Amino acid sequence: MTEFLPAAERPAQAATQESGAAVPAAPTGPAEPPDFVSAQLTARAEKRSIEVTGERTETTSTFVNPDGTVTVDSYAGIRRVRRGETWENVDSTLVQADGKVVPKVAKAGIVMSPRSSTVPGRSPLADRRRCPPRS
């Protein structure tokens, strides 16, 4: 665990601007540093919680808070799936791809088919034999 050590006793003061100059808005978009040190510095500077992306897993998200504490959100089920170098949130919306019905983003290789050629007049809900191998 890394501990945040403040550089000075007093918080930094914003530079005064000439009258009439616009004051920049506080950052509100995603700030996603991959390591604890960068996340700590960003959280303190922006006065908001910052996710440490290098600590992401399928079931957890780790945040550094402006006061230097760490919060880990842990989920009972899979929340995201690794696709190459990125994480994608699970999306069970069914879509048609190559004549098959599949979830947009899922950990399990699930393929649903509209009809079966093995038994005339019967259509299975899911055909596990057609599923891509798990990675």
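**Exercise 1. Contacts and the overall chain**

Determine what share of the contacts in the chain between residues at least 6 apart in sequence join residues at least 24 apart.

*Solution.* Contacts between residues at least 6 apart in sequence form the reference set, and 17% of them join residues at least 24 apart. The model under study is predicted. Its chain contains one helix and seven strands, arranged along the sequence as α-β-β-β-β-β-β-β. Of the 135 residues, 22% are buried. The exposed area of the chain is about 10,100 Å², and carbon and sulfur atoms account for 52% of that area.

**Exercise 2. The three-stranded sheet**

Establish the strand order of the open sheet of three strands, and identify its edge strands.

*Solution.* Step one concerns the order: the strands of this open sheet follow β1-β2-β3, and their pairing is antiparallel. Step two concerns the edges: β1 (50-51) and β3 (70-74) each pair on one side only, which is the mark of an edge strand here. Step three examines one pairing in detail. Strand β2, residues 60-64, is joined to β3 by five bridges in the antiparallel sense. Within this pairing, S61 has D73 of β3 as its bridge partner. Step four adds the helix: α1, residues 36-46, lies across β1, β2 and β3 and runs at about 55 degrees to β2.

**Exercise 3. The hairpin**

Describe how β4 and β5 are connected, and state the backbone feature of G84 in the turn.

*Solution.* Begin with the pairing: strands β4 (residues 80-83) and β5 (residues 86-89) run antiparallel and share four bridges. R80 faces N89 of β5 across this pairing. Next, consider the link: the two strands form a hairpin with two residues between them. Finally, inspect the turn, where G84 has a positive phi of about 70 degrees.

**Exercise 4. The surroundings of V101**

Classify V101 as buried, partly exposed or exposed, and list the residues that V101 touches, not counting those up to four places away in sequence.

*Solution.* First, locate the residue: V101 belongs to strand β7, which spans residues 100-105. Second, apply the cut-offs: buried requires under 20% relative accessible area and exposed requires over 50%. V101 has a relative accessibility of 25%, and therefore counts as partly exposed. Third, collect the contacts: with residues up to four places away set aside, V101 touches L94, V95, Q96, I110, V111 and M112. Fourth, examine one of these partners by backbone distance: the C-alpha atoms of V101 and M112 are separated by 4.8 Å, although the two residues are 11 residues apart along the chain.

Key
Residues numbered from 1 in each chain as written. Predicted model: local features only at pLDDT ≥ 70, side-chain atom pairs only at ≥ 80, totals over all residues. Heavy atoms only, no water. Buried < 20%, exposed > 50% of the residue type's maximum accessible area, 1.4 Å probe, protein only. Contact = heavy atoms within 4.5 Å. Areas by Shrake-Rupley, 256 points an atom, 1.4 Å probe, with all protein chains shown as cover. Pairing = 2+ DSSP bridges. Axes fitted to C-alpha atoms, helices over the stretch in contact; angles between N-to-C directions.
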